[in-house]
Amino acid sequence: MTTPVCTSASTAAVFPSFSSYVRARGPVLLRAARSLSANPNDAEDLLQTALAKTYVAWERIEDHRALDGYVRRALINTRTSQWRKRRVEEFAVDELPEPDPLPSPDPAELEGLRDAMWRAVMRLPARQRAMVVLRYYEDLSEAQTAEVMEVSVGTVKSAVSRALAKLRQDPELAMIA
């Protein structure tokens with residue numbers, strides 16, 4: 001026993017075959033599918049799936065004037081099913097995955113690097129060494145260093161710049177890097 005899908009259908013044309021219906025109403029149905037999906041390719045897939053479901057039920061649909069409503073309902077139901085079946089990227093586990101810890105540097109290597117750096121700093125002229133120590137070991141600003149050294153900020157900037165250039169060219173530090 002078959003029942004009509006929709007008894008109060010509009011006065012749309014009756015389509016003799018499925019292919020003629022798809023040719024005539026395809027663009028309208030594609031617009032409906034695009035309103036349900038942000039991606040145009042997904043909308044085309046959605047419409048194809050809904051049309052496949054309609055094709056299977058073609059013989060059961062008695063009122064062909066209600067085909068648009070039938071296909072739209074198939075679009076909505078298919079989209080809802082896709083949404084419900086979407087792949088979940090996250091899932092519950094018993095233990096939280098922790099990233100592998102980064103290998104900690106060898107303490108002996110770190111101590112060797114500190115010693116080499118300090119020896120290089122000790123080779124700097126006394127004034128440059130004092131400014132580098134105040135700026136980078138004591139973490140003072142340029143203004144604070146200038147105040148302690150009783151010089152201008154510009155003098156601190158230029159002296160520290162020359163000191164860092166010497167440290168970059170130090171042969172003992174170059175071997176470590």
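Two residues are in contact when heavy atoms of one lie within 4.5 Å of heavy atoms of the other. Keep that in mind for the views below, which come from a predicted model.

**Figure 1. The whole chain is built from helices.** Let's start with the overview: the chain has eight helices and zero strands. Reading along the sequence, you get the pattern α-α-α-α-α-α-α-α. Of the 177 residues in the chain, 26% are buried. Now for the contacts: if you take those between residues at least 6 apart in sequence, 57% join residues at least 24 apart.

**Figure 2. Helix α2 has a buried face.** Here we zoom in on α2, which runs through residues 40–56 and has 17 residues. From its first C-alpha to its last, α2 reaches 25 Å, close to the 24 Å expected at 1.5 Å a residue. Which residues of α2 are buried? They are Ala 43, Leu 46, Leu 47, Ala 50, Leu 51 and Thr 54. Look down the axis of α2 and these buried residues fall within an arc of 130°, so they line one face of the helix. What do the buried residues of α2 pack against? Their partners are α1 (18–36) and α3 (67–84). Swing round to the other side of α2 and you'll find Gln 48, Tyr 55 and Val 56, which are exposed.

**Figure 3. Asn 39 sits at the start of α2.** This is a close-up of a single polar contact. A side-chain oxygen of Asn 39 reaches to within 2.9 Å of the backbone nitrogen of Asn 41.

**Figure 4. Two separate nonpolar cores.** A bit of background first: in soluble globular proteins, nonpolar side chains tend to be buried together. In this model, the largest nonpolar core has 17 residues. Which of them touch the most other members? That would be Tyr 21, Leu 29, Ala 33, Leu 47, Leu 51 and Leu 75. The elements giving two or more residues to this core are α1, α2 and α3. The largest share, six residues, comes from α1. There is also a second, separate core of eight residues, and among them are Ala 116, Ala 120, Val 121 and Leu 167. Leu 47 and Leu 51 may ring a bell: both are also on the list of buried residues of α2.

**Figure 5. Phe 18 pairs with two other rings.** The structure holds four aromatic pairs, and this view shows two that share Phe 18. To describe a pair of aromatic rings, you give the distance of the centres and the angle of the planes. For Phe 18 and Tyr 55, the centres are 5.1 Å apart and the planes are at 65°, so this pair is edge-to-face. The pair links distant parts of the chain, with Phe 18 in helix α1 and Tyr 55 in helix α2, 37 residues apart. Is each partner buried or exposed? Phe 18 counts as buried because its relative accessibility is 16%, under the 20% cut-off. Tyr 55, at 55% relative accessible area, is exposed.

The other pair in this view is Phe 18 with Trp 58, which is also edge-to-face, at 5.4 Å centre to centre and 85° between the planes. This pair links distant parts of the chain too: Phe 18 is in helix α1, while Trp 58 is in the loop between α2 and α3, 40 residues apart. Both Phe 18 and Trp 58 are buried. Put the ring pairs together and you get a cluster of Phe 18, Tyr 21, Tyr 55 and Trp 58.

**Figure 6. Asp 68 is a buried residue in α3.** Asp 68 lies in helix α3. Its relative accessible area is 16%, so Asp 68 is buried. Which residues does Asp 68 contact, leaving aside its neighbours within four places in sequence? The answer is Tyr 21, Arg 25 and Leu 29. Two of these names, Tyr 21 and Leu 29, also came up in the largest nonpolar core.

**Figure 7. Two loop residues with a positive phi.** Most residues other than glycine have a negative phi. Asp 139 is not a glycine, yet has a positive phi of about 60°. You'll find Asp 139 in the loop between α5 (126–137) and α6 (142–149). With a relative accessible area of 65%, Asp 139 is exposed. Glu 150 isn't a glycine either, and its phi is positive at about 60°. Its place is in the loop between α6 and α7 (153–168). Glu 150 is exposed, with a relative accessible area of 71%.

Methods:
Residues numbered from 1 in each chain as written. Predicted model: local features only at pLDDT ≥ 70, side-chain atom pairs only at ≥ 80, totals over all residues. Heavy atoms only, no water. Helix = DSSP H or I, 4+ residues; strand = E, 2+ residues; numbered from the N terminus. Expected span 1.5 Å × (residues − 1). Buried < 20%, exposed > 50% of the residue type's maximum accessible area, 1.4 Å probe, protein only. Arc of directions from axis to C-beta. Polar contact = N/O pair within 3.5 Å; in protein donor to acceptor, adjacent residues only side chain to side chain. Core = buried A, V, L, I, M, F, W, Y, C linked by side-chain atoms within 4.5 Å. Phe/Tyr/Trp six-rings, centres within 6.5 Å; stacked < 30°, edge-to-face > 60°.
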